[in-house]
Amino acid sequence: MLYILVWTLAVLCSFCLADLMDFLFTDGDVGHHRVFPLSPVIERGSTLQLFCSLGKKLYPYKNASHIIWTLNGDRIAKENYVIINDSVSGVVIHNFTSGEAHVKCYVDFPVEKQHLAHTEIKSGFPPQRPENISCINYEGKNITCSWTLDRDTYIETDYTIIGKQGLDGKKQFFNHTWRSKNGSRSHNFQTTIYYPEFCIQLELENPLGKAESQCVSQKSVEILKFEPTPVKVEKIPGMKKMLRVSWERNMDGSKCRIRYRNMKQNDSKEAYNFREISQQNYFDLTNLWSFTTYAVAIQCINYGSRFWSEWSREEIGTTEEEAPSKEVDLWRVLEKCQPAGSRSVILLWKQLKENESLGTIKGYRIKCFTQSNHSLVYAENTTDESVTIPLTRQAYVISVIAHNAVGDSPEAVLRIPSCPEESKDHPRVVMLNASALNEQMIVEWKTSDSDIPSYVVEWHDVSETDSCKRSWQYVRNATKWTFQKGAFEQYKYYNISVYPAYKDEIKAPSSIRTYFKQGRPSYGPAAEVEDIDKNEATIKWKEIEKGKANGDIINYTIFYRTDSGKEIGKTVNASFLQYRLKSLQANVKYTGHVMASTIAGGTNGTVFTFSTNQLSLLEIVLINVFAGLLILCLLTFGLLWALKRRTLKRIFWPKIPHPKLPEMSQENLEKPLKEPRSEENTVIPEVISILKVDDDDEYQLLKLEDCLGQTKVTTEDVVCQHEALGSGEHEAIQLLLQTAPSPGHHFRSQRFPDPVFQQPPLQKESLSEDYQNSDCKDEEKPDQTDRQEKTEFNPYLKNSLSTREFLGCKNLSVPKKKERQKKTAPPCVSSDSGQQYVALDAVVLTQH
């Protein structure tokens, strides 16, 4: 029973303690959740501790372990949490260095966390004691005090400045307070000080602490500072090189100083001149430049004060004009003498500087005299700075005078040599060299004449065609000249000439061309491809203009590649404007470009493409030559064949005599054959005639004769072999076969009927069976023996007969389909035994 009572009292005590903690950390509001302390300000780098309460509304469902903390949106690690009781959770943040931060507490729910409360934290430093306090009194109207601090507070701090009377500082006569967050180090306020001596004290306070300075003593005279004094500048009529400066201020017990400068000079400390004035309120500036504008300002200080006033606003004044004090800087551009003796000269001169013109230049007077008789040949007044004068072959003297409203400048004289003098003159300047160093152009030279007192250095852009835009500079008693900055522009190609000058006479120059500063070319070369071959191609490009090259071209690089190959580069000297690519692949497309390079870098040109040929030029020429020769040979052979066919046949295909039949002479061919007679002593119609031998027929007859020479050749076989012959030849051969002996008999021993006369042709139907079956072997008449004729012996036919005979047949009647053509029958040839025969290799059998 006692145990249960003790346990009940413990539970009641725990509930009471929880209510007490809620009451303490929620300012007695136990029904709502909140964060404590609210909006704290802590010292930067210290440790911060905050507490968050669930309140009575959430306590039955959640406890302090469900509270989570965030700092500027980032969740704080749970190891920094401190559980005070079931409803209050705390968090500890070490080394807090943020200037401002937001801390929030949430209660963790399964779906989404619920915001409970938040607070803003600020950090900074407590104020430190101000040092080096000083004040300035602006003519008794405003006071500005300043001081130094070792560090800022970074939080809002209250500043209070206190003015105390006397050195003891017991009585305050002003007090000014303001608030600053960034760390104020000066403050201006309005007040009037009537005490010769007083002290100034400064107090600082913020939530982290409080600090105050000592009361620093101040003397009213020492801290007094005048306001800037307006000034007026004017010239005095008739007074040269002088300006009067005046201001309105009582100078009793004070002094001033004047600052002035030439307006042509830059606004720097070295350009100013200073003058101090006391006991007066004006001052005359003397020894100035005539007709020159000056800027003048003034500042003043009270005697015994430590502070000068600020400079007043600058006022402008101009001195009076004078006649120009110096002649114009004169130069000329002389054209070459023409064959007719005419030429022209372009006169150039520079504007006089302000300290030389001493006024506004109204114009220039130019006069030109012949040197021989001093006669005036040209005169002109101009406001320009150049003029062109036509001249002849003579020598001239030209003068130029500048004038303003007050007077004239000294005369500038220049001598123009005659044409013979100019042609005989030679350069006296040797070893001319120009180089750029540290943005300046340095020109050095040596001379062959040590008596030359001065030189003229002329330079101009090579691409500039206007002679009036040339620049020049006189150099006296020196052989080295450094041009001022800005005289040359980078990437431009200049022509620099050095002229020896004897008084007013200019001698022949020496020249050099160079770049002031080199860069990459503005554009690359435009290349073209020519002479494309099987394995070679020529790349040509144009030289880049000097004005666009931006430097001296040192080389060109040709890059080329196939569609799938590696890029190859070939570099050539700048003197080459073409290159022959070799070892290329046949019938392949190439792409490439040309890069022009200076010492500063290179620039690629336009891209070009080309394809190599499948055959080289030599191969194409050889093929064309061979084809042409072949066509020429064929044409020649065809022409010769058409015109000299028989001769060519005899040359290329000579006639080979028949191995069995001897050749016939022309006389034997011209003898007529006797007409054949039949058994009834009637004339048989002509069936055999001697014709001119054709090539094809001759060949067929030779084949026939060979067939007849065989032992077992029948009439039908021979006729079958010569179906290709004409119908007339077929019938004639058939007739010959009928008169032929048995297959065992030799053809040349066969006798033919003797032809007696020719009669008109007969039709095939009239041909009798007697004729077809007749045998003319024994019907040769005795009177035919007188027609026998011996043939010449053919040495090529060793086994041939010595003679041949023409045989006539009686009662021959040959049918035909067409009319037979009459021809003169060649004579029969008779053998030694008196038998006549026909040589088949010398005749053609046709049908009549």
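## A buried phenylalanine

Let's start with F483, which is buried, having a relative accessible area of just 1%. Keep in mind as you look around that this model is predicted. F488 also counts as buried, with a relative accessibility of 8%; the cut-off for that word is under 20%.

How many aromatic pairs are there? The count comes to 24 aromatic pairs. F483 and F488 make up one such pair: their ring centres lie 5.0 Å apart and their planes meet at 85°, so the pair is edge-to-face. An angle over 60 degrees is what earns that label.

## A tilted pair between two strands

Now find W541 and Y556. Their ring centres are 5.3 Å apart with the planes at 55°, so this pair is called tilted. Where do these two residues lie? W541 belongs to strand β42 (residues 537–541), while Y556 belongs to strand β43 (residues 555–562), so the pair ties together parts that are 15 residues apart in sequence. Are W541 and Y556 buried or exposed? Both W541 and Y556 are buried.

## A cluster of rings

Back to F483 and F488: these two residues are also members of a cluster. Ring pairs link them with W459, W481, Y494 and F516.

## An arginine over two rings

Rings can have charged partners in this model too, and R259 is a nice one to look for. The charged end of R259 sits over the ring of Y272, at 4.4 Å from the ring's centre. R259 also lies over the face of W311, where the distance to the ring centre is 4.6 Å.

Methods:
Residues are numbered from 1 along each chain as its sequence is written. This is a predicted model: local features need pLDDT of at least 70, side-chain atom pairs count only at pLDDT 80 or more; totals for chains, interfaces and linings use all residues. Side-chain values use heavy atoms; hydrogens and water are left out. Rings of Phe, Tyr and Trp (its six-membered ring) pair if their centres lie within 6.5 Å; planes under 30 degrees apart count as stacked, over 60 as edge-to-face and the rest as tilted. Buried means under 20% relative accessible area, exposed over 50%, partly exposed in between (1.4 Å probe, protein chains only). Helices (H or I, at least four residues) and strands (E, at least two) are DSSP runs, numbered from the N terminus. A charge sits over a ring if NZ of Lys or CZ of Arg is within 6 Å of the ring centre and within 35 degrees of the ring normal.
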